[in-house]
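Me: I'm new to this structure and would like a close look at a single part of it. Could you walk me through one helix and the residues around it?

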Amino acid sequence: ITPPPADHIQTTHDLLDKKAGLVPDKLAYRFLADGETGEQLLTYGDLAARARATASALLDKGCGGHPVLLTCPPGLDFIIGLFACWFAGAIAVPVYPPRGSRHKKRLLSVSSDCGATIAITGMEGETIPGITALFPASLPAPAESRAFPSVDPDAPCLLQYTSGSPAGPKGVMLSQANLRG
């Protein structure tokens, strides 16, 4: 990956590309499954490659500019999915994985509210009615020539819903500019 020039870093994924180009083998994320053990590691290079593979699949499904559910449990697949949405120009919508009827009901409610038809999941074979699931670990790397859309830093990139409300889901839209502070 060729890093973008310093004056072209406008988004979080631009920064990831820069880090992946300069220090691909440097540790980007460490996840401890139980807070102490079960360590999983992800370098900048691996994160960029896996996020781009997932973004490529999102673009093939026409998700650019549209909401995409992130139903991954806490861990590296969630981070990969988040960056994949940003590379694809999609709007990431984090939702607790559909375990149990209460979580599935909430996920379907959020999906209906935002209009998402695709989910990035951390569990292969996970099914959600009316939603196409993508599993990042099973996706091939995109062709080197794959073009990713240029993203307006003020465009929506994250739709964060409240933890719960009897009146139904309520979301807040954030942009890359919001994330940069």
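Reply: What follows is a walk around helix H1 and its surroundings, with two further stops at the end.

One thing to keep in mind from the start: this is a predicted model.

Let's begin with the helix itself. H1 covers residues 12-22, and its buried residues are His 13, Asp 14, Leu 16, Asp 17 and Ala 20. If you look down the axis of H1, those buried residues all sit within an arc of 160°, so they line one face of the helix. There's a simple rule behind patterns like that: an α-helix has 3.6 residues a turn, so residues three or four places apart point the same way. And what do the buried residues of H1 pack against? Three helices: H2 (44-60), H3 (76-88) and H5 (176-180).

Take H3 next. The axes of H1 and H3 come within 9 Å of each other, crossing at roughly 105°. With that angle, H1 counts as roughly perpendicular to H3. On the H1 side, the contact is made by Thr 12, His 13, Leu 16 and Asp 17, while H3 brings Phe 83, Trp 86 and Phe 87. Sorted by class, the contact of H1 with H3 has four nonpolar residues, two polar ones and one charged one.

Now slide back to the segment before H1, where you'll find Thr 11. Is Thr 11 buried or exposed? Its relative accessible area is 4%, and because buried means under 20%, Thr 11 is buried. The side chain of Thr 11 is involved in two pairings with residues of the helix. In one, it makes a polar contact of 3.2 Å with the side chain of His 13. In the other, the side chain of Thr 11 reaches the backbone nitrogen of Asp 14 at 3.1 Å. Both His 13 and Asp 14 are among the buried residues of H1 mentioned above. Setting aside neighbours within four places in sequence, Thr 11 is also in contact with Val 151 and Gln 176.

That last name is worth following. Gln 176 is in helix H5, and at 1% relative accessibility it counts as buried. A polar atom of the Gln 176 side chain lies 2.7 Å from the backbone nitrogen of Thr 12. Not counting residues up to four places away in sequence, Gln 176 touches Gln 10, Thr 11, Thr 12 and His 13, along with Trp 86, Pro 153, Ala 155 and Cys 157. Trp 86 should look familiar, as one of the H3 residues in the contact with H1.

H2 is another of the helices that the buried face of H1 packs against, and Ser 56 is in H2. Ser 56 is buried, with a relative accessible area of 8%. Its side chain is joined to that of Arg 146 by a polar contact of 2.9 Å. Leaving aside neighbours within four places in sequence, Ser 56 is in contact with Pro 142, Arg 146 and Phe 148. Ser 56 and Ala 147 are 91 residues apart in sequence, yet 8.8 Å apart in space, C-alpha to C-alpha.

The last stop is a strand. Val 93 is found in strand E4 (residues 91-94), and at 0% relative accessibility it counts as buried. Beyond residues up to four places away in sequence, Val 93 touches Pro 67, Val 68, Leu 69, Leu 70, Val 110, Cys 114, Leu 159 and Tyr 161.

Key. Residues numbered from 1 in each chain as written. Predicted model: local features only at pLDDT ≥ 70, side-chain atom pairs only at ≥ 80, totals over all residues. Heavy atoms only, no water. Buried < 20%, exposed > 50% of the residue type's maximum accessible area, 1.4 Å probe, protein only. Helix = DSSP H or I, 4+ residues; strand = E, 2+ residues; numbered from the N terminus. Arc of directions from axis to C-beta. Contact = heavy atoms within 4.5 Å. Axes fitted to C-alpha atoms, helices over the stretch in contact; angles between N-to-C directions. Parallel < 35°, antiparallel > 145°, perpendicular 65-115°, else oblique. Nonpolar A, V, L, I, M, F, W, Y, C, P; charged D, E, K, R; others polar. Polar contact = N/O pair within 3.5 Å; in protein donor to acceptor, adjacent residues only side chain to side chain.
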